[in-house]
Amino acid sequence: MAGASKNSRTTVATHKFFCSCGGEVAMKTLFENGRLKNVAECSKCNRVERRPKDFK
């Protein structure tokens, strides 16, 4: 019974988020006040939100 391992059976699905202006949303990590902060930024209009779902 030499089956594939559990980790090799999982598929990696990436979801692309798009802004209402048509630009693609990319996640960025900022270092502010001694903390790491993840923000989502539109590549076209430079709008910044906390997470990609906020661009709807």
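Student: How far is the sulfur of C19 from the closest cysteine sulfur?
Tutor: This is a predicted model, and a disulfide needs two cysteine sulfur atoms within 2.5 Å. The closest cysteine sulfur to that of C19 belongs to C21, and it is too far for a bond. The distance between the two is 3.8 Å.

Student: Which residue has the cysteine sulfur closest to that of C21?
Tutor: The sulfur of C21 has its closest cysteine sulfur 3.6 Å away. That is too far for a bond, because a disulfide needs the two atoms within 2.5 Å. The residue is C42.

Student: How many disulfides does the structure hold?
Tutor: The sulfur of C19 is too far from that of C21 for a bond. The sulfur of C21 is likewise too far from that of C42. For the whole structure, the number of disulfides is zero.

Student: Is C21 buried, partly exposed or exposed?
Tutor: Under 20% relative accessible area a residue is buried, and over 50% it is exposed. C19, at 8%, is therefore buried. C21 has a relative accessible area of 32%, so C21 is partly exposed.

Student: Which residues make up the largest nonpolar core?
Tutor: In soluble globular proteins, nonpolar side chains tend to be buried together. Here C19, at 8% relative accessibility, is buried, and C19 belongs to the largest nonpolar core. That core has five residues, namely C19, V25, A40, C42 and F55.

Student: Which other core residues does F55 touch?
Tutor: Setting aside residues up to four places away in sequence, F55 touches nine positions, including F18, S20, E41, R47 and E49. The remaining contacts of F55 are members of the largest nonpolar core. They are C19, V25, A40 and C42.

Student: In what order do the four strands lie in the sheet?
Tutor: The sheet is open and its pairing is antiparallel. The edge strands, each pairing on one side only, are β1 and β4 (48–49). Two bridges join β1 (residues 17–18) to β2 (residues 24–32), and eight bridges join β2 to β3. The order is β1-β2-β3-β4.

Student: Which residue takes a positive phi in the hairpin of β2 and β3?
Tutor: In the hairpin of β1 and β2, with five residues between the strands, G22 takes a positive phi near 105°. The hairpin of β2 and β3 has two residues between its strands. There the positive phi, near 55°, is taken by N33.

Student: With which side chain does the side chain of E41 make a polar contact?
Tutor: E41 is found in strand β3 (residues 35–42), and its relative accessible area is 18%, so E41 is buried. Beyond four places in sequence, the contacts of E41 include E24, V25, K28 and F55. The polar contact, at 3.1 Å, is with the side chain of K28.

Student: Which residue in β3 stands opposite K28?
Tutor: Strands β2 and β3 run antiparallel. In the pairing of β1 with β2, F18 stands opposite E24. The residue in β3 opposite K28 is V39.

Student: How far apart in space are G23 and E41, C-alpha to C-alpha?
Tutor: G23 is found in the loop between β1 and β2, and at 4% relative accessibility G23 is buried. The contacts of G23, beyond four places in sequence, are F17, F18, C42, S43 and K44. G23 and E41 are 18 residues apart in sequence, and their separation in space is 9.5 Å.

Technical notes: Residues are numbered from 1 along each chain as its sequence is written. This is a predicted model: local features need pLDDT of at least 70, side-chain atom pairs count only at pLDDT 80 or more; totals for chains, interfaces and linings use all residues. Side-chain values use heavy atoms; hydrogens and water are left out. Buried means under 20% relative accessible area, exposed over 50%, partly exposed in between (1.4 Å probe, protein chains only). A nonpolar core is a set of buried Ala, Val, Leu, Ile, Met, Phe, Trp, Tyr and Cys residues joined through side-chain atoms within 4.5 Å. Contact means heavy atoms within 4.5 Å. A polar contact is a pair of N or O atoms within 3.5 Å; within protein, one must be able to donate a hydrogen and the other to accept it, and residues adjacent in sequence count only if both atoms are side-chain atoms. Two strands pair if DSSP finds at least two bridges between them.
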